[in-house]
Amino acid sequence: MKPDIRFARAWAVAVMAMATVAPARAQDAADLVVRVTQLEEQVRSLSGKVEQLQFENRRLAEQLRKFQQDVDFRLQEGRGGGAPPQAAAAAPRGADPAQAPAASAGDGFERGRSQIQQGDYAGAEMSLRQFLNASPKDRRAAEAIYWLGESYYQRQRYSEAAEQFLKITTDYPKAARGPDALLKLGMSLARLDAKPEACATLAEVLRKYPNASAEVRAAVERERRRSKC
């Protein structure tokens with residue numbers, strides 16, 4: 001029991017002890033005890049809901065992690081452990097093969113962003129995956145993951161989009177795209193009809209990123225209203 005609730009109950013009981021002197025006050029005290037009891041029930045109910053939301057968030061994160069592992073495994077099988085054909089073709093004759101992946105990766109990142117702007121989301125997915133496969137530790141990796149998630153989101157492939165946005169919040173929490181990614185994760189969950197998880201994620205944006213831009217803040221409020229959080 002919360003300390004303030006215990007205090008309120010003790011005070012109410014003390015007032016009831018004066019019932020022989022002030023019957024009207026005794027009735028007020030009885031009403032207060034009822035209200036305090038109701039408040040206790042509400043606190044317990046809210047605590048249970050918070051714990052349930054936390055559990056659902058952990059469950060969703062685990063599901064997305066397993067999904068990501070499965071996708072990565074299939075991609076590895078598809079590549080057969082070799083270098084992407086595009087990288088090999090991009091290397092000029094007589095050039096050092098070790099330099100080819102870096103050049104191709106850089107082209108893939110810029111090409112992917114350009115394709116996003118042009119609305120070629122399927123093409124952007126291919127370009128950005130090529131870049132990330134070739135240079136997973138590149139300083140632009142978080143940005144590439146964000147745009148990869150956007151390529152899925154724009155095609156209403158919300159589960160795959162959520163996977164990419166979640167990857168930024170877990171692997172690159174301090175990235176410049178962190179607030180945007182967490183916002184888009186909440187939006188993706190809302191489109192998947194995971195309303196409790198979506199609302200919890202949207203509430204987390206401003207808690208985790210108190211200095212988020214005005215644009216992100218406005219989008220969070222808009223999405224919370226839309227999801228009726």
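Helices H7 and H8 run roughly antiparallel to each other, because their axes cross at roughly 150° and an angle over 145 degrees falls in that class. In this predicted model, H7 spans residues 158-171 and H8 spans residues 178-191, and their axes come within 8 Å. The crossing in which H7 passes H8 is left-handed. On the H7 side the contact is made by Tyr158, Ala161, Ala162, Phe165, Leu166, Ile168 and Thr169, while H8 contributes Gly178, Ala181, Leu182, Lys184, Leu185, Ser188 and Arg191. Sorted by character, the residues of this contact comprise 9 nonpolar, 3 polar and 2 charged.

Two of the H7 residues in that contact, Tyr158 and Phe165, also take part in aromatic pairs, Phe165 with tyrosine 146 and Tyr158 with tyrosine 153. The count of aromatic pairs in the model comes to 4, and the table sets out two of them.

| Aromatic pair | Centre to centre | Angle between planes | Arrangement |
|---|---|---|---|
| Tyrosine 146 and phenylalanine 165 | 5.7 Å | 55° | tilted |
| Tyrosine 153 and tyrosine 158 | 5.3 Å | 65° | edge-to-face |

The pair of tyrosine 146 and phenylalanine 165 links distant parts of the chain, since tyrosine 146 lies in helix H6 (residues 141-153) and phenylalanine 165 lies in helix H7, 19 residues apart. Tyrosine 146 counts as buried because its relative accessibility is 6%, and phenylalanine 165 is likewise buried, with a relative accessible area of 0%. Ring pairs also bring Trp147 into the picture, linking Tyr146, Trp147 and Phe165 into a cluster.

In the pair of tyrosine 153 and tyrosine 158, the planes stand at 65°, and the arrangement therefore counts as edge-to-face, the class for angles over 60 degrees. Tyrosine 153 is buried at 10% relative accessibility, and tyrosine 158 is buried at 17%, a value that falls under the 20% cut-off for burial.

The connection between the two packed helices offers a contrasting residue. Alanine 176 is found in the loop between H7 and H8, and with a relative accessibility of 74% this alanine counts as exposed, whereas phenylalanine 165 is buried at 0%. Along the chain alanine 176 and alanine 212 are 36 residues apart, yet in the model their C-alpha atoms are separated by 9.9 Å.

How values were computed: Residues numbered from 1 in each chain as written. Predicted model: local features only at pLDDT ≥ 70, side-chain atom pairs only at ≥ 80, totals over all residues. Heavy atoms only, no water. Axes fitted to C-alpha atoms, helices over the stretch in contact; angles between N-to-C directions. Helix = DSSP H or I, 4+ residues; strand = E, 2+ residues; numbered from the N terminus. Parallel < 35°, antiparallel > 145°, perpendicular 65-115°, else oblique. Left-handed = near helix turned anticlockwise from the far one by under 90°. Contact = heavy atoms within 4.5 Å. Nonpolar A, V, L, I, M, F, W, Y, C, P; charged D, E, K, R; others polar. Phe/Tyr/Trp six-rings, centres within 6.5 Å; stacked < 30°, edge-to-face > 60°. Buried < 20%, exposed > 50% of the residue type's maximum accessible area, 1.4 Å probe, protein only.
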